[in-house]
Amino acid sequence: MITIHHLNQSRSQRVLWALEELGLPYHIERYQREKTMLAPESLKKVHPLGKSPVLEDDGLIIAESGAILEYLQETWDPQQTLKPAGKEQRLQYRFWLHYAEGSLMPLLLMKLVFSSLGKPPVPLGFRTLGKALGQGVQKAWLNKQLETHARYMEAELGNNPWFAGGELSMADIQMSFPVFALLARSGIESLPNLKAWQKRVEMRPAWKRAIEKGGPLDIPGG
């Protein structure tokens, strides 16, 4: 049986969603974040990087959510239900699978870090300076970058209901965590297509089952 090493409030939620969409049986090994919000050291016993998600299947240990989703699709989706058939749609599929972590998530992580420079665990004497630095970087550069990416995704979803065309694919599952984080952290207004996409995701029975089994995806705002 497939085992997923699941960290609460993390990217591993989308692997649970993929497993539910494919109707695969699986076992969850649960891990809780430390007070620092970092993953516990026990995850390093599973994979040297100590990150989640990690998937075990038939003796294989696979890390990185994008690699896991591609493995699940190639191995356990013979009907190609989560991969589009058309050439253009497959190019979009591949783009969004890589874009999620390669382009969007680094900006969202920076948003979280720079928004936290005036708060614990930053030492009290540095918080005023940290807050000013964080706000300055966001105003001068980071917020503009996020705005560009948000408007790009918004326009793309104006053409199709899902990221790689007319049907749900692994591209949407990969994009779920960063889009939810963007909507929680960016403060960008007027994103009706992205918000409609989020609602479509949340209405899917497989998403609901994944939330029931893995716990709520509470992404802190920026």
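## Phe163 and its neighbours

Start with Phe163: setting aside residues up to four places away in sequence, it touches Gln92, Trp96, Met153, Leu157, Asp172, Met175, Val179, Leu194 and Trp197. Keep in mind that this is a predicted model.

Phe163 also turns up among the best-connected members of the largest nonpolar core, which has 57 residues. Leu72, Met153, Phe163, Met170 and Met175 are the ones that touch the most other members there. As for secondary structure, H3 makes the biggest contribution to this core, with 10 residues. Apart from it lies another core, this one of six residues, including Tyr31, Val46, Val54 and Ala63. As background, nonpolar side chains in soluble globular proteins tend to be buried together.

## Aromatic rings

How many aromatic pairs does the structure hold? The count is 11. One of them is Phe95 with Tyr99: the ring centres are 5.4 Å apart and the planes sit at 25°, so this pair counts as stacked. The cut-off that matters here is planes under 30 degrees apart.

Both Phe95 and Tyr99 belong to helix H3, where they are four residues apart, or about one turn of the helix. Is each ring's residue buried or exposed? Phe95 comes out as partly exposed because its relative accessibility is 33%, while Tyr99, at 6%, counts as buried. Zooming out, ring pairs link a cluster made of Trp17, Phe95, Trp96, Tyr99, Tyr152, Phe163, Phe180, Trp197 and Trp207. So Phe163 is back again: it is in that cluster, and Trp96 and Trp197, two of the residues it touches, are in the cluster too.

## The second largest pocket

Phe163 has yet another role to list, as part of the lining of the second largest pocket. About 160 Å³ of space lies in that pocket. Its lining is made up of Glu88, Gln89, Gln92, Glu156, Asn159, Asn160, Trp162, Phe163, Ala164 and Gly165.

Which element gives the most to this lining? That would be helix H3, residues 87–115, with three residues. By chemistry, the lining splits into three nonpolar, five polar and two charged residues. Gln92 is worth a second look, as it lines the pocket and is also one of the residues that Phe163 touches.

## Backbone oddities

A few backbone spots are worth a stop. Ser52 and Pro53 are joined by a cis peptide bond, with omega about 15°. Pro53 sits in the loop between E2 and strand E3 (54–57).

Then there are two residues with positive phi that are not glycines. Asp58 has a phi of about 55° and is placed in the loop between E3 and strand E4 (60–63). With 75% relative accessibility, Asp58 counts as exposed. Ser190 has a phi of about 60°, and its loop runs between helix H5 (170–185) and helix H6 (192–203). Ser190 is exposed as well, at 55% relative accessibility. Looking further along the chain, Ser190 and Arg151 are 39 residues apart, and their C-alpha atoms are separated by 9.4 Å.

## Leu183 in helix H5

Leu183 is found in helix H5. It is partly exposed, because its relative accessible area is 23%, and the buried class stops at under 20%.

What does Leu183 contact once neighbours within four places in sequence are left aside? The partners are Leu191, Leu194, Lys195 and Gln198. Leu194 is a shared partner here, in contact with Leu183 and touched by Phe163. Between Leu183 and Asp218, 35 residues apart along the chain, the C-alpha separation is 12 Å.

## Pro25 and the start of the chain

Last stop: Pro25, in the loop between helix H1 (12–22) and strand E2 (26–31). Is Pro25 buried or exposed? Its relative accessibility is 54%, so it counts as exposed.

Beyond its neighbours within four places in sequence, Pro25 is in contact with Met1 and Ile2. Ile2 is 23 residues away from Pro25 along the chain, and the C-alpha atoms of the two are separated by 7.0 Å.

Conventions
Residues numbered from 1 in each chain as written. Predicted model: local features only at pLDDT ≥ 70, side-chain atom pairs only at ≥ 80, totals over all residues. Heavy atoms only, no water. 1 Å grid on protein atoms, 1.4 Å probe; cavity = no way out; pocket = protein on both sides within 12 Å on 5 of 7 lines; lining within 4 Å. Points joined across faces, edges and corners; volume = space filled by probe spheres on them. Nonpolar A, V, L, I, M, F, W, Y, C, P; charged D, E, K, R; others polar. Buried < 20%, exposed > 50% of the residue type's maximum accessible area, 1.4 Å probe, protein only. Contact = heavy atoms within 4.5 Å. Core = buried A, V, L, I, M, F, W, Y, C linked by side-chain atoms within 4.5 Å. Phe/Tyr/Trp six-rings, centres within 6.5 Å; stacked < 30°, edge-to-face > 60°.
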